[in-house]
Amino acid sequence: MPQILPPSANLAVRLALVGALGAGPALLWLFSSLGGSSWVTRAGEAPVQPVPFSHKLHVGGLGLDCRHCHWWVETGAVAGMPSAKTCMHCHAQVFSDAAPLEPVRSAFDGDRSIEWVRVADLPDFVSFDHSIHVRKGFACVTCHGRVDLMPLTEQPVAMTMRWCLDCHRNPERYAWPVEQVFRMDWQPEGDPVALGRRLVREYGLRRPTDCSFCHR
Amino acid sequence: MKFRASVVACALALLAGGCRREMYDQPRLEPMERFEFFADRRSLRPQPPGTVARGRLLEDRHLYTGYSEQAKQPVELFPTSEEALERTLARLAGPPLAESFPFAITRRHFARGRERFEIFCAPCHGLAGYGDGMVVRRGFRRPPSYHIERLRQAPVGHFFDVISRGIGAMDDFADRIPPEDRWAIVAWLRALQLSQWARLPEIPAGIPPARAPTPEIPPVRLQRDPPAELAQVQAEQRARLGSYGWIDPEKKILHIPVERAVELLLEAGLPVRASVAGKAGER
C-alpha cells in the first residue's frame with residue numbers, strides 16, 4: 001500500500017494545529033482591540049463640519065471662555081451649541097462676507113440652526129451630565145483635550161467605558177479645583193497626588209462604578 | 001454541505017454582531033439632534049408665541065427689565081448740553097431706568113458678576129472695561145469705555161437694559177445671562193468703575209507720580225503669535241485692575257485695585273430698591 005500522504009503533510013498538520021490554537025485568541029484580540037481602536041471610535045479625527053470653525057482662533061487667540069458659547073454646561077446635561085445669533089454677534093461685522101461663513105449667515109437669515117456634526121458622541125445607553133462633572137472639579141480639557149490648540153475640532157481620546165471607569169475609579173488623578181475647570185492650561189502647583197486627594201475629600205467625590213449609575 | 005453552510009452562517013453572524021449600532025443610536029432625540037419631522041429640522045422646539053413657561057411670568061418689572069416702577073428722574077425741559085438732551089430724549093422715550101438694584105448686593109454677587117463679566121463681556125470690553133478686548137483688537141467696533149463720565153453717571157438700570165436688549169453693535173445677552181446674573185454683572189461694572197475712578201481719604205504711599213495712560217488699542221494687523229498676544233493683553237489689563245496709580249493727579253483721582261473697590265462698595269452699600277432695603281443680608 002503506497003503512502004497516502006507526502007512527508008510535507010507533517011508541516012500542514014503542525015500549521016493547522018497551531019492555527020486552531022491561535023485563531024481563537026487572535027480573533028478575541030482582534031475584536032477586543034478593534035472596538036477601542038481609533039479606526040472605530042474616530043478618536044483624533046476631525047469630522048467635516050458645515051463651517052470650518054477653529055477653536056484655536058476663538059479660544060487660543062481671542063481668549064473666549066468655553067461658556068461664552070456652550071453656556072448650558074454648568075446647569076445642564078449637555079453643554080449646548082451656540083445659536084447662529086451668537087456667531088453673528090461678531091460676524092455681522094468681522095469677516096461678515098467670508099465665504100466659509102455662508103452657512104452661518106443663511107441659518108441666521110432663515111431662522112434655522114447650523115447643522116454641526118457631533119464630535120464627542122456618547123452612546124445613547126449612557127447617561128451623562130456635564131453640570132455635575134464641572135461642578136465637582138472635572139475640567140473641559142480632561143475629556144475634550146486642548147481645544148484651544150485645535151484648528152478643527154476633534155475628540156482626542158476614545159470615549160470608551162474603560163476610559164470613563166478609569167476616572168470613576170481614580171478621581172484623585174483627574175480632579176481640578178472647581179474654579180480652574182474652564183481653563184485650558186492649568187497645571188497643579190506642588191504635588192498633584194496630594195492635591196487630588198484633598199479635592200476628593202473636599203468635594204466629597206464618590207467612586208461611582210455601579211452599572212446603573214451610568215446605564216439607567 | 002449543510003454543516004459547512006451553518007458554520008459559515010454562524011461565523012458571519014458573529015462578525016455582524018459586532019457591527020450593530022442600534023443601541024448606540026436609539027430612536028429617540030438627543031438634545032439639539034436633527035429631526036426631519038419639523039420644517040426647521042429642530043428637535044428642540046421654540047416656545048410657541050403668546051405662551052408663558054411655568055415660573056417665567058416675570059412679573060417683577062424692576063428685577064427683569066431694569067426699569068423702575070415709578071418715575072424719579074426729572075426731565076430737563078431745556079437741556080443745556082448734548083448729553084442732557086440725550087438723557088431727556090431717553091427719559092421721554094421710555095419708562096425710567098432703575099437707579100437701584102432689585103436685591104442687596106453681597107460679596108457673592110461681586111464674585112459671580114466678575115466671573116460672568118469675564119465670560120461674556122470681557123472679549124469686547126476688556127477685563128478692565130476700557131473697551132479694549134481681544135475681539136475689538138481684531139476689528140469689531142470699539143465699545144465705549146465704562147470709565148467715561150456719561151457711564152459713571154448712568155443708572156444701574158441702564159447697564160441691565162443694555163445687557164438685556166443690546167445697544168448699537170452689541171447684541172442682547174438675554175438668552176445667555178439670566179436676570180440675576182445680569183444684576184451681578186452690573187454690580188461688577190460698578191466695582192470696575194470705582195476701581196478706575198477713585199478718590200481715597202488717604203493716598204497710599206509709593207504710587208508712581210506719572211499719570212496712568214488710558215489703555216489704547218493698536219490698529220488691526222496680522223498676528224504673529226495670537227496666544228502670546230492674548231496673554232500679554234490680559235496681563236496688562238489685570239495689572240491695571242490690581243494696582244494703584246494716578247488717573248488725574250490734580251483732582252486726586254486714582255485707579256485702585258478692584259478688590260479694594262469691592263470692599264469700598266460693600267462698606268458703602270450699593271443702592272437697593274426700597275421694598276428690599278429694610279431686609280438685611282442675603283436675598
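1. In this predicted model, B:Trp246 has B:Leu254 as its bridge partner in E2(B). The pairing belongs to two antiparallel strands of chain B, E1 (residues 245–248) and E2 (residues 253–255), which are joined by three bridges. Four residues lie between the strands of this hairpin, and B:Lys252 has a positive phi near 60 degrees.

2. Helix H4 of chain B covers residues 107–125 and includes B:Glu118. A kink of about 50 degrees is centred on B:Glu118. The end-to-end span of H4(B) is also short: its 19 residues would reach 27 Å as a straight helix at 1.5 Å a residue, but the end C-alpha atoms are only 23 Å apart. Just after the helix comes B:Gly126, with a positive phi of about 85 degrees.

3. Is B:Glu118 buried or exposed? B:Glu118 has 19 other C-beta atoms within 10 Å, so it counts as partly exposed; the buried class begins at 20. Setting aside neighbours within four places in sequence, the contacts of B:Glu118 are A:Asp65 and B:Leu127. The C-alpha atoms of B:Glu118 and B:Ile185 are 9.4 Å apart, with their positions 67 residues apart in sequence.

4. The contact between the chains involves 24 residues of chain A and 27 residues of chain B. On the chain A side, helices H3 (55–61), H4 (66–69) and H5 (84–91) each supply at least two residues. H5(A) gives the most, with three. Sorted by class, the chain A side has ten nonpolar residues, seven polar and seven charged.

5. Which residues touch the most other members of the largest nonpolar core? They are B:Ile185, B:Val186, B:Ala187, B:Trp188 and B:Ala191, in a core of 44 residues. Two or more residues come from each of these elements of chain B: H4, H5 (134–137), H7 (156–165), H8 (179–195) and H10 (258–268). The most, ten residues, come from H8(B).

6. B:Ala191 can be followed further. Outside its neighbours within four places in sequence, B:Ala191 is in contact with B:Phe110, B:Val258, B:Ala261, B:Val262 and B:Leu265. Another core, of 15 residues, lies apart from the largest one; its members include A:Phe138, A:Cys140, A:Val141 and A:Val181.

7. Points to check against the model: the kink in H4(B) centred on B:Glu118, the contact of B:Glu118 with A:Asp65, and the positive phi of B:Lys252 in the hairpin.

Key:
Residues are numbered from 1 along each chain as its sequence is written. Chains are lettered from A and ligands numbered from 1 in the order in which they are written. This is a predicted model: local features need pLDDT of at least 70, side-chain atom pairs count only at pLDDT 80 or more; totals for chains, interfaces and linings use all residues. Two strands pair if DSSP finds at least two bridges between them. A residue is buried if 20 or more other C-beta atoms lie within 10 Å of its own, exposed if 12 or fewer, and partly exposed in between; C-beta atoms are placed from the backbone. Two residues are in contact if their C-beta atoms, placed from the backbone, lie within 7 Å. Ala, Val, Leu, Ile, Met, Phe, Trp, Tyr, Cys and Pro count as nonpolar, Asp, Glu, Lys and Arg as charged, and the others, Gly among them, as polar. The expected span of a helix is 1.5 Å times one less than its number of residues. The bend at a residue is the angle between axes fitted to the seven residues ending there and the seven starting there. A nonpolar core is a set of buried Ala, Val, Leu, Ile, Met, Phe, Trp, Tyr and Cys residues joined through C-beta atoms within 7 Å.
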